[in-house]
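Hi everyone, thanks for making time. I'd like to walk you through a structure that's probably new to most of you, so let me put it up on the screen.

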Amino acid sequence: MTRQWRGVLEEYSDRLDIPDGTPTVSLGEGGTPLVHSPWLSETTGAEVWLKVEGDNPTGSFKDRGMTVALSVAVGEGAEAVVCASTGNTSASMAAYAARARIKPLVLVPRGKIAAGKLAQAILHGAQVIMVRGNFDDCLRLSRGLAEQYSVALVNSVNPMRLQGQKTASFEIIDVLGDAPDLHVLPTGNAGNISAYWLGYREARDAGEATRLPVMRGWQAEGAAPLVTGAPVPDPETVASAIRIGNPASWQLAVRAADDSGGKFRSVSDDQILAAQRELASREGVFVEPASAAGVAGLLLEASEGVRYDDQRIAVTVTGHGLKDIDTALSTFTDLVDTVCDADVDAAAAAAGLA
Ligand code: AN7
């Protein structure tokens, strides 16, 4: 019998900087596929690989960090955990809290969470509080609650989250045999780009990679503080997961971009939705809108004439498309049901075969 993937804590037990004796709260996260993209490779001149993080247990990369954050919280005796979220963090935290049998408390911007993510938080038993405000307000409240009450904060300001999330870099190096030349990903609260950079540096220092990739973060035009250099008071984008105006890991993210020779840029909502659609229809990879920001960025650069010949590019697609089907279908304005009677001739006629 082949061995089953054991999850981030057990697979990388010797590489996580966490307290001794930490218990394991896991759903088997990590070990996600690195899928070659012929379409993006042709478009860019590079060899492009997609790190498909929607394949994690709750459908996003957040599970890598959450297994560590919840395990450490349980080890420290926490009875409740809190997070602010644009959706995926809350879905993930609620699942791991359910498994750990501790209470999940979620603060989300009212009316701005994709239905799938909200359903996850509710089904996993979270107490969901809808805040009249944006994500940045929710994060401020979560910090306040954790300071004044006995609930553990598990947003990515909790360094345990980055410990877990850095493992995606290890997996990419494992498959490619070295670090890629370039790493591209969507950026919102900026924990993930910081975690990848940490992972790549550790792997290089351990002799597992001979180089470090250039780190490129892509934000949504209406929520691009790392591009403009100033917090955005009222962030707005169809990519609700990255509707964030004042990223918590701002300094770490800027350092990742600067030290790697990379930078932040932004893409429009239309470019994000077009990239989401093309990725689904050309490559069979269905991601949520925010997750397509990096792909949209590569396409934008290709249209500007940028070439990446002979380079290797890793693109993280961060979350599953099924989380937000309303937005996914919103661009299909001419969708009409094709209906037929239950016989082969009618089906053939309806399909235009006959
Ligand atoms: C699909 O769930 O911030 O730059 O509260 O869900 O590490 O924040 C989600 C972020 C990209 C951005 N793609 O990552 C939350 C939350 C998806 C996401 C990001 C998020 P970071």
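Let's start at one small spot: Ala 190, which sits in the loop between β7 (182-186) and α9 (191-205). Before I go on, keep in mind that this is a predicted model.

So, is Ala 190 buried or exposed? It's buried, because its relative accessible area is 4%, and the cut-off for buried is under 20%. And what does Ala 190 touch, if we skip residues up to four places away in sequence? Those contacts are Leu 226, Pro 247, Ser 249 and Ala 253. There's also Asn 246: going C-alpha to C-alpha, Ala 190 and Asn 246 are 9.5 Å apart in space, with their positions 56 residues apart in sequence.

Now step into α9 and look at Ile 193. In the largest nonpolar core, which has 51 residues, Ile 193 is one of those that touch the most other members, and so are Leu 70, Val 81 and Met 93, among others. Several elements supply at least two residues each to this core, including α3 (62-75), α4 (88-100), α9 and α11 (250-260). Apart from that one, there's another core, of 31 residues, with Val 52 and Ile 272 among them. Back to Ile 193: leaving out neighbours within four places in sequence, its contacts include Met 215, Arg 216, Ala 256 and Phe 264.

Okay, on to the sheet. There are 6 strands here, in an open sheet ordered β1-β2-β10-β7-β8-β9, with mixed pairing. At the edges you'll find β1 (34-36) and β9 (263-267), each pairing on one side only. On average, neighbouring strands are turned by 25° against each other, ignoring direction. Let's zoom in on one edge: β8 (residues 214-220) and β9 run parallel and are joined by 5 bridges. For instance, Arg 216 has Lys 263 as its bridge partner in β9. Helix α12 (residues 269-283) packs on this sheet, touching β2 (47-52), β8, β9 and β10 (312-317), and its direction makes about 90° with that of β9.

Last stop: Ser 260, in helix α11. Why do we call Ser 260 buried? Because its relative accessibility is 11%, and buried means under 20%. Setting aside neighbours within four places in sequence, Ser 260 is in contact with Trp 197, Pro 213, Val 214, Met 215 and Arg 255. A polar atom of the Ser 260 side chain also lies 3.4 Å from the backbone nitrogen of Gly 262.

That's the tour, thanks for listening!

Technical notes:
Residues numbered from 1 in each chain as written. Predicted model: local features only at pLDDT ≥ 70, side-chain atom pairs only at ≥ 80, totals over all residues. Heavy atoms only, no water. Pairing = 2+ DSSP bridges. Helix = DSSP H or I, 4+ residues; strand = E, 2+ residues; numbered from the N terminus. Axes fitted to C-alpha atoms, helices over the stretch in contact; angles between N-to-C directions. Contact = heavy atoms within 4.5 Å. Buried < 20%, exposed > 50% of the residue type's maximum accessible area, 1.4 Å probe, protein only. Core = buried A, V, L, I, M, F, W, Y, C linked by side-chain atoms within 4.5 Å. Polar contact = N/O pair within 3.5 Å; in protein donor to acceptor, adjacent residues only side chain to side chain.
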